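Biologist: I am new to this structure and would like to learn how to read it step by step. Could we begin with the place where the chains meet?

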Amino acid sequence: MIRFRNVTKHYPRSGTALANVSFHVRKAEFVFLTGPSGAGKTTVLRLVHMEVAPTEGEVIISRFSSTRIRRREIPQLRRRVGFVFQDFRLLERLTAAENIAFALQVTGANRSTTRSKVMRLLDHVGLAARASAYPAELSGGERQRVAIARALATDPLVLLADEPTGNLDERASLGVFELFKQLNSLGTAVILATHDATLLRRYPETRVLELEGGRLVYDSGAAAARPPDGDSDDSSIFELMPDGLPRDDTAKQPSGSKRAGPAP
Amino acid sequence: MRPFREAVISLVRRPVLAALSVTAIGLSLFILGLFGLTAHNISRALAAVEEKVEIVAYLRDEIDEAQLRLVRSEIGAFPEVQSVEYVSKTEALYNASRELAEFSDVFPDVEVNPLPASLEIRLLPGRRDPHTVGTVAARISGYEFIDEVRFGREWVNRIHTLRRIAGGTALIVGGSFALVAMLLVGTTVRMSIHARSSEIAIMENVGATAGFIQRPFLAEGLISGLAGGALALALTFVAYRLLDRTVMAVLWLPDLWIVAGIVGGGVLGMLAAGRSVRRELKGLYAI
């Protein structure tokens, strides 16, 4: 569903953010995107969201390709790719319900369906009782839940989350993460960028893509993610860990020699 | 309806900014309105003077009835001519004695009437410009029984110079103020776009179309322009009433000008908003 083919992204001022990165994320898959600050995690998410175009290579999201997409098609793509930010980005003057309704209304939903869908989404993220609360009246975890509900408003195929637990305490982080897991189990793919080693250790079965200095240095699920058509360009180049799981020292040595494959 | 609803909400949410913007547009268009009032009244005064522009063709004394009828009908058939009036020698003398009262005692004693008969030729409205008047006069002077043709060439020239100056000034002053009004609307819309940047970012994030994002700002420009036009109309009316009551009789603007002024305000507002939208939101969905 999401495929990076030899993607390089070069910014004119800050230089190379990604270098020759290839991977494939399947439908309804859950992927941790990890690596130190400046590793290129946000750039990967921005490429998937088509906020930026690759300098080289190709990004394919469902039927959209970065090399062929037209500007007027990007809104359609964005409706299929939900984005959750670390800083929530809620409109402070709107209530929780109105923030979600806003996303529905600006994408053309009619009033009658908006109301019922907002309530369903709020119920889904466990905030039905807080529908009329303003963001300032909500806790960090609750705000992030509203942001997730908003991202789900357009029924996306994939949810991108950029350090969604970065501003939350451990308990709220776990609650939000469990919500992502629950949404994933219902069929929405999730790519969650984080450098929270605790989170990675807590969910060892989850696929991990690790970036360092703009290169993909580790993909715990490369073999499983090999495209069914036999196109192995995005998986054969990785040297997988024997058990496919990140080690406890992931955060300390994210690109350890044992599992860092050759630069793709 | 949504763009207008959102535009109104946006304007109401920033009442001071909106009021400043509408007032600025209103004042700019008010200046135009005052100029329009002046131009209209000058134009009407000029038209009244122009009404008096006529060609007088003096006839030779030896012209007979048949020849006179022929000359009248031929001149009357000119496409530029509205009417041809014959003034006989007797009428000319009577008119002269009436208009020149100080010589009224002399006229009854004149044994031979020295004044010639004449044809007073009026041209159709819109055909009284110096060129047409000169051309028609030259054509008339070619008739055998016409002794002399007069048409106040200098007056005709002066009237038309005045009108040209009035038109040119209207164009320059009006254009300048329209430009100022456009800059003001553009700035207001740009400030609205900046004030709503977080909303725009979310709309772009969730996949609202570019047109959906842009339309409320265009509507905001349109509403500001129309409101400014209405304010300008109200101010111009107050100025008209004051002038009419205290200084001199003044004519109110024609209905078409009023409608054109308000619609023009709206169009100006939307054009200015469009320019700001193109500049500020050119990055929408650009990758």
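Modeller: Let us begin there, keeping in mind that this is a predicted model: 19 residues of chain A are in contact with 13 residues of chain B.

Biologist: Which helices of chain A each supply at least two residues of the side that touches chain B?

Modeller: They are helix H2, residues 74-80, and helix H3, residues 96-105, and the largest share of that side, five residues, comes from H2(A).

Biologist: How do the residues of the side of chain A that touches chain B divide into nonpolar, polar and charged?

Modeller: On that side of chain A there are 11 nonpolar residues, three polar and five charged. As a general idea, the size of an interface is often given as the accessible area lost when the parts come together.

Biologist: What does the secondary structure of chain A come to?

Modeller: Chain A has seven helices and 10 strands, and 45% of its 264 residues count as buried. Among the contacts in chain A with a separation of 6 or more, 70% are accounted for by residues 24 or more positions apart.

Biologist: Turning to chain B, why does Gly265(B) count as buried?

Modeller: A residue is called buried if 20 or more other C-beta atoms lie within 10 Å of its own, and Gly265(B) counts as buried because it has 30 C-beta neighbours inside that distance. Gly265(B) lies in helix H9 of chain B, residues 255-280.

Biologist: Which residues is Gly265(B) in contact with, leaving aside its neighbours within four places in sequence?

Modeller: Among them are Ile25(B), Leu29(B), Gly225(B) and Ala232(B). The C-alpha atoms of Gly265(B) and Ala178(B), which are 87 residues apart along the chain, are separated by 8.7 Å.

Definitions and conventions. Residues are numbered from 1 along each chain as its sequence is written. Chains are lettered from A and ligands numbered from 1 in the order in which they are written. This is a predicted model: local features need pLDDT of at least 70, side-chain atom pairs count only at pLDDT 80 or more; totals for chains, interfaces and linings use all residues. Helices (H or I, at least four residues) and strands (E, at least two) are DSSP runs, numbered from the N terminus. A residue is buried if 20 or more other C-beta atoms lie within 10 Å of its own, exposed if 12 or fewer, and partly exposed in between; C-beta atoms are placed from the backbone. Two residues are in contact if their C-beta atoms, placed from the backbone, lie within 7 Å. Ala, Val, Leu, Ile, Met, Phe, Trp, Tyr, Cys and Pro count as nonpolar, Asp, Glu, Lys and Arg as charged, and the others, Gly among them, as polar.
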